[in-house]
Amino acid sequence: MTGTLAALVVAVCATTASAGASETPTEPTEGAARFAPGFVHGKVAVDGSVIHYVRGGSGPALVLLHGWPETWLMWRGVMPTLARTHTVIAMDLPGLGDSTVPAGGFDKVTTARRIHEAVTKLGFTQVEIMGHDQGVLIAYPYARDYPGEVKRIAVIESPLSGFGLENLYGLSWHFKFNMSPAPIPETIMDNDDVSTYLGMMFGFSYNRAGIDATAYYRAYADPAKRHAGYEYYRAFPADAQDNQANASKRLTVPVMAIGGQYSFGTGVADSFRQVADDVRPVVAPDAGHFVPEENPTFVADCADLFFGAANTPPSRPELAPCAP
């Protein structure tokens with residue numbers, strides 16, 4: 001993965017654009033969404049948390065799981081396209097966004113169980129899943145532990161704990177900082193530091209203008225939300241242990257592994273080949289780490305193809321790896 005990491009470092013160093021004011025309408029927590037017609041906000045109670053979600057469209061359920069330091073809002077550019085053929089459900093992870101902070105259980109098995117409970121309470125027993133960053137780490141145990149309920153998954157921009165993620169810790173100091181015992185990061189990073197810290201994180205992009213950084217600064221202004229984010233990182237060692245212990249339960253569903261052209265590239269697929277039988281690598285053009293926001297058109301069209309009907313031909317050459 002050395003070449004991929006070098007490309008990511010180059011992308012970070014080359015990114016100099018600053019984040020401007022938010023251009024996304026401030027969203028409510030319940031009722032009609034503002035970012036696009038036909039979507040509604042809702043909440044569902046699960047063990048330990050109340051999960052906020054945004055839902056729209058009709059057809060098979062497609063669950064979208066965001067990463068850190070973001071919220072469901074990262075999917076806003078792809079949701080309208082996917083809602084033409086699917087019931088799209090973008091969730092705020094427990095403790096983040098407008099979901100309530102659980103007292104514990106930030107390991108990815110527990111988080112997947114909570115997401116599964118929310119999906120079931122919303123009336124779905126069969127789903128497809130697309131996750132980014134931390135959402136990747138949750139999509140995997142969901143698909144592994146509920147194998148009869150997941151038809152296929154797409155994973156964007158993260159290798160798995162125990163199968164490559166730990167090799168990236170030296171790339172950025174935020175890994176070890178976020179994993180530090182409480183209350184070290186909670187004390188060091190106060191409200192005035194949010195835009196500086198998260199702004200640094202959004203430097204791991206190629207098209208920074210596509211990221212509504214101001215919206216995420218607001219989302220992580222609450223110290224409780226920042227604490228929850230750190231807890232997801234602190235669970236990485238337990239996640240790695242669980243993933244390695246259960247690697248023999250290989251995924252048999254198709255896995256589309258997407259890496260940004262200027263970030264992980266095929267590295268996501270390399271990780272998932274160790275736990276899944278049908279892994280399809282895709283390199284998203286003109287994107288760094290935050291692929292769904294940096295190139296939403298490609299992600300929407302690629303996902304629409306991958307989660308669509310069998311034997312559907314790609315509409316343009318760069319979408320060929322996304323074919324179902």
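This presentation covers the strand pairings, the buried elements and the internal spaces of one predicted model.

Good morning, colleagues. I shall begin with the antiparallel strands. Strand E2, residues 39–46, and strand E3, residues 49–57, run antiparallel and are joined by 8 bridges. Within this pairing, Lys 43 stands opposite His 52 of E3. The hairpin formed by E2 and E3 has 2 residues between the strands, and Gly 48 there takes a positive phi near 95°. On E3 there is a further pairing, with strand E5, residues 87–91; these two strands are also antiparallel, and 5 bridges join them. For orientation in that pair, Arg 55 has Ile 89 of E5 as its bridge partner.

I turn now to the parallel strands around E8. Strand E8 spans residues 255–260, and 6 of its 6 residues are buried. How are the two faces of E8 covered? Val 255, Ala 257 and Gly 259 are buried on one side, and Met 256, Ile 258 and Gly 260 are buried on the other.

E8 has parallel pairings with two strands that concern us here. With strand E7, residues 150–156, E8 shares 4 bridges, and the two run parallel. Val 155 finds its bridge partner in Ala 257 of E8. With strand E9, residues 279–284, E8 shares 6 bridges, again in parallel. In that pairing Met 256 stands opposite Arg 280 of E9. The connection also deserves mention: E8, helix H11 (residues 267–272) and E9 make a right-handed β-α-β unit.

Let me take one residue of E7 as an example. Val 150 lies in that strand. Is Val 150 buried or exposed? Its relative accessible area is 5%, below the 20% cut-off, and therefore Val 150 counts as buried. Apart from neighbours within four places in sequence, Val 150 is in contact with Val 127, Ile 129, Tyr 142, Ala 143 and Val 253. As a further reference distance, the C-alpha atoms of Val 150 and Glu 117 are separated by 14 Å, the two residues being 33 apart along the chain.

Next, helix H13, residues 296–306. Which residues of H13 are buried? They are Phe 298, Val 299, Ala 300, Cys 302, Ala 303, Leu 305 and Phe 306. As general background, an α-helix has 3.6 residues a turn, so residues three or four places apart point the same way. The buried residues of H13 pack against the strands E6 (127–132), E7, E8 and E9, and also against helices H2 (79–82) and H12 (291–294). E7, E8 and E9 thus appear once more, here as packing partners of H13.

I come to the internal spaces. In general, rolling a probe the size of a water molecule over the atoms shows where empty space is left. In this model there are 3 cavities of 30 Å³ or more. The largest cavity holds about 220 Å³ of space. Its lining comprises 20 residues, and those closest to the centre are Asp 133, His 174, Phe 175, Tyr 233 and His 289. Helix H4 (134–145) and helix H5 (174–179) each supply at least two lining residues. By class, the lining of this largest cavity divides into 14 nonpolar, 4 polar and 2 charged residues.

The second largest cavity has a volume of about 50 Å³. Its lining consists of Lys 108, Val 109, Leu 137, Pro 141, Leu 160, Asp 239, Asp 242 and Asn 243. Helix H3 (108–121), H4 and helix H10 (236–245) each give two or more residues to that lining. The largest share, 3 residues, comes from H10. In terms of class, this lining has 4 nonpolar, 1 polar and 3 charged residues. Helix H4 therefore deserves attention on two counts, as a contributor to the largest cavity and to the second largest cavity.Finally, the largest pocket has a volume of about 310 Å³. The pocket is lined by 18 residues, and those nearest its centre are Thr 71, Asp 98, Ala 215, Arg 218 and Ala 219. Which element gives the largest share of this lining? Helix H8, residues 213–219, does so, with 4 residues. The lining of the pocket has 7 nonpolar, 6 polar and 5 charged residues.

Thank you for your attention.

Technical notes
Residues are numbered from 1 along each chain as its sequence is written. This is a predicted model: local features need pLDDT of at least 70, side-chain atom pairs count only at pLDDT 80 or more; totals for chains, interfaces and linings use all residues. Side-chain values use heavy atoms; hydrogens and water are left out. On a 1 Å grid over the protein atoms alone, a cavity is a set of points where a 1.4 Å probe fits but cannot get out, and a pocket is an open set with protein on both sides within 12 Å along at least five of seven lines; lining residues have an atom within 4 Å of a point. Grid points are joined across faces, edges and corners, and a volume is the space filled by probe spheres set on the points. Ala, Val, Leu, Ile, Met, Phe, Trp, Tyr, Cys and Pro count as nonpolar, Asp, Glu, Lys and Arg as charged, and the others, Gly among them, as polar. Buried means under 20% relative accessible area, exposed over 50%, partly exposed in between (1.4 Å probe, protein chains only). Two strands pair if DSSP finds at least two bridges between them. A crossover is right-handed if, with the strands pointing away from the viewer, the path from the first strand over the helix to the second runs clockwise. Contact means heavy atoms within 4.5 Å.
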